[in-house]
Structures are given as C-alpha cells and as structure tokens.
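Me: I would like to go through this structure and ask how its descriptions are justified. Please keep the answers plain.

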Amino acid sequence: MMDGVGHLRQEQDGAYIYHGHYAGLTLLERVYACCRQQMPKATEDVTFSIARIFDGPLPACSEFRSVSRGAQGTLPERATAEELIPVALNNACFLLPFVHGPTLARELDCIYSVESNHYCETDSTSQALFYAILAVGAPFSSMNRGVCNDNSSLHFHYFQTAIGMIDPAYCRDLVILQAIIFVIMYLQGTGRLSHCYSYLALASGSAFQMGIHRNYTPPHLDLVQVEIRKRVYWSLYTIDIYTSTVLGLPCTIADYPSDQEGLSEIVAWGATSGRCHLEAPTASSVLTLANHHIKILNIMAKVVDFLCSTKMQPAGCNRYCQVEAARLSQIESDLEEWYTTLPPVSNKSDPTGFDPIR
C-alpha cells in the first residue's frame, strides 16, 4: 500500500485521478493480480480494472450528459411514484431517515395537482427532491423484485432530471440539500464515486453556509425542522467518511469542528410537525444504532488519519510510515469502549417493529 500513496494518473481523455494518502485501491489491484496468478487457466480480461468498481460507467449511459436547469419532463404515473418513494425511504434511508414523510406526502400532492406551466421556483425545488428519490428507489425496487437492470434507463432519467433542477451556485435550501444527498446515494449505488465526491463537496459547502453543523435552533423553526437539519448533517457526515476513505481524499465535512447534537426520536412522526416532540431514542430504536454507527465511523476516520499518514518516505522500494504504539493503543481503547456501550439486541424482532437482522 505504501507504493500507492499519492499516486496520480492521467486517463486517456486527459482527466487526472489522484489516489490520495489512502492507497486501498492499490492494495486491491495487487490482490487481483495475485489471484490471477493463482488461476492461470482463467480467461484473461485485459479491459478489466479494479478502479471500475469505484468509478464504473452508469448502466444506462457511458457518460453524463448535461441537463439544462429547470428542464422538466412528463411526470411519472402517480402509482409509480407511490411505489418507488417508500422503497427509497425504507431501504436506502432505513438507518438514518432524513426526510419527513408527512411533509413529503404533502409535497407530492402539490406536484401532481399543479399544472406544469404554473410551476414556480418552490415547485422546482420540491421536484428536484422528488426525482432524486425516484432515482434511488428504482434500483431498489428492481432488487426487491429479483430483476436486474430492467429499468436502468428509467432511474438514470430520474437522476438526470433531478440534477437539472439543482443550481450548484445557489443551494441554501434544506429541500435541495436533501435532494443532493439522494443524488449522492444514487452515484454511490451506481459506482460513480468521483462524481459522488464532487456533489459531496457541494453539499458540505452548502451545509456550512446553512449552519446545520451547529447546535443552534432558529426561533422560526419547529421541532421537526430542527431534527431534520440534524439528520441531514449526520447523513452527510457518514457519507463523507465512507467516500473520502475509499477514494483517499480529504473529508469535506467530517474534519470540521461541529457541536451538533446526536439524533433524537420524533414522537408522533406521522403527525403534523406542530404536534410532535423529541425524545432520546430507546435501546431498540434504529436511531440508537445510527448514533453508534456514527461513532464507529469516527474511529475508522481516526484509523485512516493515524495509519495512512501523508508524511511518507520518497518513492522507492522501501517506503514506510511510522505509527506510534500509543496511537494504536488509543484506537484499541476506542473500539473497546464503543463495543461495551452497544445496546443488547435479541435474536427476534422487537414487538415495536424493530428488525435486528435488517
């Protein structure tokens, strides 16, 4: 892995790709080469590259086509939307839901009740989130039915429509930020991590300017809006650590100091926001697992920071980095503390509906 640190390569189209200070891709490439040596009779695939696992072509198109902002196509059948939206929210966002269901349902009613020639800027914002959710829900829907790529062009169409409604120069709206997170999730699921990192940087910059990294409650926000802001922040935070670690690039939001609180339960989640109140999640709550998931990601980020230092010996056959034993002991201590604080989980589903297997 030391030989791959800071590796910079140029593609045939002239694009530069930097592997960063974490050279996991180099390790995988060498593992693949080693496995090929152990299978001499295997068919040689000269076109295969491990990099395609992290940054492969989209199933429906080999490259991204630009979509003019505000371009709007024909709305899908409402029955299709009502099928795909729950799939996206209950699968892709199961661990950390960052969209308020009743609010989304009201926005859906508005989208299908307003004529296309009467759309305003607010409608375009809601539609960006709407199409981004559909783009994530479509592949999950295919997997649930045991079908592969039967609607790949369809979910890519939803994706294109969503990004066409997002103005990168002006993203100060929580709904647009939610749409960008779904765009990032779609790019993760379709293996386009370099594009994913670009949108992640956009979302992180917008999040900072909106102040969602701070534990501050503006007086005009209700409890649901306050909690959604927290969940949007922690969603970006977890995606940031995962993506930055895989690509070996700097974190866009996780390295910045934040005093944002942990996740809370919204009691009467399905009711109107004015009738809700916040409570600490119970031991069997999914949000409790989400909070522990955030903690283990913090440890993972610390491992990368400690063990994959940017201070490396010059290129050569004996590259190495020094790691202090105290740092290793600190990581082991953090892991032990994290493990001992995990809530007990039974083997059977909780009566409240919590499914530990899921």
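Me: What makes up the chain in terms of helices and strands?
Reply: The chain has 11 helices and four strands. The model is a predicted one.

Me: How do you know that α10 has the span expected of a helix?
Reply: α10 has 22 residues, and at 1.5 Å a residue they should span 32 Å. The C-alpha atoms at its ends are 31 Å apart, so the two values agree.

Me: Why are residues such as Val286 and Phe306 in α10 called buried?
Reply: A residue is called buried because its relative accessible area is under 20%. In α10, Val286 and Phe306 are among the buried residues, so each of them falls under that cut-off. Others on the list include Asn291, His292 and Ile294. Over the chain, buried residues make up 42% of the 358 residues.

Me: What makes a set of residues a nonpolar core, and which residues have the most contacts inside the largest one?
Reply: Its members must be buried residues of nonpolar kinds such as Val, Leu, Ile and Phe, joined through side-chain atoms within 4.5 Å. The largest core here has 69 residues, and Ile85, Phe182, Val232 and Leu236 have the most contacts inside it. Among the helices that each supply at least two residues are α3 (78-92), α9 (223-247) and α10 (286-307). The largest share, 12 residues, comes from α7.

Me: Which residues does Ile85 touch, leaving out those up to four places away in sequence?
Reply: Ile85 touches Leu104, Leu108, Phe130, Ile133 and Leu134. These count as contacts because heavy atoms lie within 4.5 Å.

Conventions
Residues are numbered from 1 along each chain as its sequence is written. This is a predicted model: local features need pLDDT of at least 70, side-chain atom pairs count only at pLDDT 80 or more; totals for chains, interfaces and linings use all residues. Side-chain values use heavy atoms; hydrogens and water are left out. Buried means under 20% relative accessible area, exposed over 50%, partly exposed in between (1.4 Å probe, protein chains only). The expected span of a helix is 1.5 Å times one less than its number of residues.
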